[in-house]
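Walk through this fold with the model open beside the text. The route goes from the whole chain to a sheet, then to the cavities, and ends in a loop.

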Amino acid sequence: MLRVSLHRLSLSALCSYPPRSLSPRHQTFSFPQLRTRAIPLSTMRDFSTSSDLTTKLLFRQLFEKDSSTYTYLLADVGHPDKPALLIDPVDKTVDRDISLVKDLGLRLIYAINTHVHADHITGTGLLKTKVPGVKSVISKASNSKADMHIEAGDKIYFGDLFLEVRATPGHTQGCVTYVTGDGPDQPTPRMAFTGDTLLIRGCGRTDFQGGSSHQLYHSVHSQARRWDDENGVPILFKTFKFVSTVGEEIQYNPRLTKGEETFKSIMENLNLPYPKMIDVAVPANLVCGLQDDSAESVAATSK
Ligand SMILES: N[C@@H](CCC(=O)N[C@@H](CSS)C(=O)NCC(=O)O)C(=O)O
């Protein structure tokens, strides 16, 4: 599933927050600055938006029903190229995503994963075969194949806008959260795409792929808690509701409002069945969803 989530990483990575400054290798991802007209954010209905957000950032929340995955499309429509990125695309819905990108006149430049998913096959590899120039992105700590390996503190530019990378370990090894940029020209309110770690009134399971309840708990309580102090970063995510905030989850999340020992006990006793696709999805997602560089995804070839 794709939601706004937190992922698992080392303590040193967590300590790297706030993000370090942009290194030259990341500056190569930026685009020249430009602005354009307002685009309404019809899917962001639970909190107010500023003029910055509505004039520059195009945002769409997309859904894949079989795995209940949310994919997010973001674009800088203030830039002449309208550069766009997809966060957590699913192989089954790649054609839908490409159609939308075309309809909106966007130029897709990145296909990004929050982590190595266990419940669906990523669409990043397939997007690369179908859309020239698209680069796949995943965290270095995930030990997965991709064009770009990011880590805490990195910035991913699309036009004048950017996402900050924050290490949020706990659900899987290498989980990261992507947070929209901070600054006078960046959209407000800021948004965090947490994948599966922090969910609205829930959190990702921690019983496989190097999951750790201890790390997940500290991702939220030692790190994400501070995000609200910055600007009130809302968490955009899936399942029943569209939007929450880090602060709201810290106050009301039935798992994460408990002490760490109680949280660990809750997580140890979830008794969830393994995701149906885990044996296919994890190996596939370690190689961008494609067994090789052909245009067929693992899901397509295994049917
Ligand atoms: N029904 C799904 C798997 C459901 C599941 O285990 N979800 C994961 C995220 S995908 S690995 C999870 O962390 N759930 C947390 C929870 O509290 O349910 C399937 O079979 O695909």
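What percentage of the 303 residues in the protein chain is buried? The answer is 57%. This is a predicted model, so every value here is computed from predicted coordinates. The secondary structure of the chain comes to 10 helices and 14 strands. Contacts reach across the sequence. Take those between residues at least 6 apart: 68% of them join residues at least 24 apart.

Now turn to the sheet. It is open and has 6 strands, in the order β1-β2-β3-β4-β5-β6. The pairing is mixed. In general, strands of a sheet pair through backbone hydrogen bonds, either parallel or antiparallel. The edges of this sheet are β1 (57–64) and β6 (148–150), each of which pairs on one side only. From one strand to the next, the twist averages 25 degrees.

Look inside the sheet at β3 and β4. Strand β3 covers residues 83–87, and strand β4 covers residues 107–112. The two run parallel and are joined by 5 bridges. Within this pair, leucine 85 stands opposite tyrosine 110 of β4. A helix also packs on the sheet: α4, residues 94–103. Helix α4 touches β1, β2 (69–76), β3 and β4. Its direction makes about 155 degrees with that of β1.

Next come the internal spaces. Rolling a probe the size of a water molecule over the atoms shows where empty space is left. A search of the whole structure finds 3 cavities of 30 Å³ or more. The largest has a volume of about 40 Å³.

What lines the largest cavity? Its lining includes Ala111, Asn113, Thr122 and Thr124. Ser136, Val137 and Ile138 are also part of the lining, as are Lys145 and Ala146. Asn285 and Cys288 complete the list. Strand β5 (residues 135–139) gives the largest share of this lining, 3 residues. By character, the lining divides into 5 nonpolar residues, 5 polar and 1 charged.

Finish at leucine 270. Where does this residue sit? Leucine 270 lies in the loop between α8 (260–268) and α9 (278–285). Its relative accessible area is 22%, so leucine 270 counts as partly exposed. The cut-off for buried is under 20%. Leucine 270 also has a partner far off in sequence to compare with: arginine 205, 65 residues apart along the chain. The C-alpha atoms of leucine 270 and arginine 205 are separated by 8.1 Å.

Key:
Residues numbered from 1 in each chain as written. Predicted model: local features only at pLDDT ≥ 70, side-chain atom pairs only at ≥ 80, totals over all residues. Heavy atoms only, no water. Pairing = 2+ DSSP bridges. Helix = DSSP H or I, 4+ residues; strand = E, 2+ residues; numbered from the N terminus. Axes fitted to C-alpha atoms, helices over the stretch in contact; angles between N-to-C directions. Contact = heavy atoms within 4.5 Å. 1 Å grid on protein atoms, 1.4 Å probe; cavity = no way out; pocket = protein on both sides within 12 Å on 5 of 7 lines; lining within 4 Å. Points joined across faces, edges and corners; volume = space filled by probe spheres on them. Nonpolar A, V, L, I, M, F, W, Y, C, P; charged D, E, K, R; others polar. Buried < 20%, exposed > 50% of the residue type's maximum accessible area, 1.4 Å probe, protein only.
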